[in-house]
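Subject: Handover of a structure

Dear colleague,

Please find below the structure I am handing over to you. My findings follow directly after it.

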Amino acid sequence: MALEVVADVARPRARTRWRTAAILAAAVGLGAGAGILLFNTSGPPKDRDITIYAKQYSFEPPIIRANRGDRLHLKLVSLDVVHGFYLEGYDVDAEILPQQKNALVRHPSQGDQRVEQEEITVVATQTGKFRYRCSHTCGALHPFMSGELIVAPNHSLHGGIGASLGLLVGFALVVRRREPTAAA
Ligand SMILES: [Cu+2]
């Protein structure tokens, strides 16, 4: 026992610190990976038909949830006046005319030319929250007319939870390793 303690004290401190850091880093990494794997329940991408109704001054549905990779086939319908549909982050903007089956769609990055389309296909390649809002002045409360596309999974969140748990486990391991020294 005495020998062991002497050996422990004699061990260069730098190496101990290095090992501690390595254990913590490994624990954080494993935790983050486990978090992503365990909570990633999205399954294979799906094709989904979604009709979005626009009326003064809201969209129905106000929130669309999708999983990363899903192909969303959006049909836009106005129930009253002319509205717009601009989807943040996906380069989509449309004009929705009442009593019209087709929307006038454009891709802002490619200019102002609009094409009549019955539906807009959006592949949810980016995760996160993306606001969609009316882009055609439709009345007094027009600026408040918006909704939200939420694309899961949120890897950074689950990875973060896993990393935190990993950090805790890592600390526990480090503390256990130090116990013999503390007892001496
Ligand atoms: Cu509007």
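Within β2, the residue that bridges to Tyr53 is Glu60. Strand β1, which covers residues 47–55, runs antiparallel to β2, and three bridges join the two. Please note that this is a predicted model, and that every value in this message was computed from it.

Both strands belong to an open sheet of four strands, ordered β2-β1-β4-β9, in which the pairing is mixed. The edges of this sheet are β2 (58–60) and β9 (120–123), each of which pairs on one side only. From one strand to the next, the twist averages 30 degrees.

A second open sheet holds seven strands in the order β3-β11-β10-β5-β6-β7-β8, and its pairing is also mixed. Here β3 (63–67) and β8 (115–117) are the edge strands, each with pairing on one side only. The twist in this sheet averages 25 degrees from one strand to the next.

Three consecutive members of that order, β5-β6-β7, deserve a closer description. Strands β5 and β6 are paired in the antiparallel sense through five bridges. Four residues lie between these two strands in their hairpin, where Gly89 adopts a positive phi near 80 degrees. Strand β6 (residues 92–96) is in turn paired with strand β7 (residues 103–106), again antiparallel, over three bridges. In this pairing, Ala94 is set opposite Val105 of β7. The hairpin of β6 and β7 has six residues between its strands, and Gln99 there has a positive phi near 60 degrees.

One residue of this region merits separate attention, namely His83, which is located in strand β5 (residues 83–87). Is His83 buried or exposed? His83 counts as buried because it has 31 C-beta neighbours inside 10 Å, whereas 20 are enough for that class. Across the strand pairing, His83 stands opposite Ile96 in β6. Leaving aside residues up to four places away in sequence, His83 touches Ala54, Ser78, Ile96, Cys134, His136 and Cys138. The C-alpha atoms of His83 and Ala94 are 8.5 Å apart, with a sequence separation of eleven residues.

Ala94 also appears in the account of the nonpolar interior. The largest nonpolar core comprises 24 residues, and those with the most contacts inside it are Ala54, Leu76, Phe85, Ala94 and Leu149. The greatest contribution to this core comes from strand β4 (residues 71–78), which supplies three residues. As for Leu149, its contacts are Ile64, Ala66, Leu87, Phe130 and Tyr132, when residues up to four places away in sequence are not counted.

Turning to the protein chain as a whole, the secondary structure amounts to three helices and eleven strands. Starting at the N terminus, the elements follow the order α-α-β-β-β-β-β-β-β-β-β-β-β-α. The protein chain has 184 residues, of which 24% count as buried. Among contacts in the protein chain with a separation of 6 or more, 68% are between residues 24 or more positions apart.

With kind regards

Terms used: Residues numbered from 1 in each chain as written. Predicted model: local features only at pLDDT ≥ 70, side-chain atom pairs only at ≥ 80, totals over all residues. Pairing = 2+ DSSP bridges. Axes fitted to C-alpha atoms, helices over the stretch in contact; angles between N-to-C directions. Core = buried A, V, L, I, M, F, W, Y, C linked by C-beta atoms within 7 Å. Buried ≥ 20, exposed ≤ 12 C-beta atoms within 10 Å, placed from the backbone. Contact = placed C-beta atoms within 7 Å.
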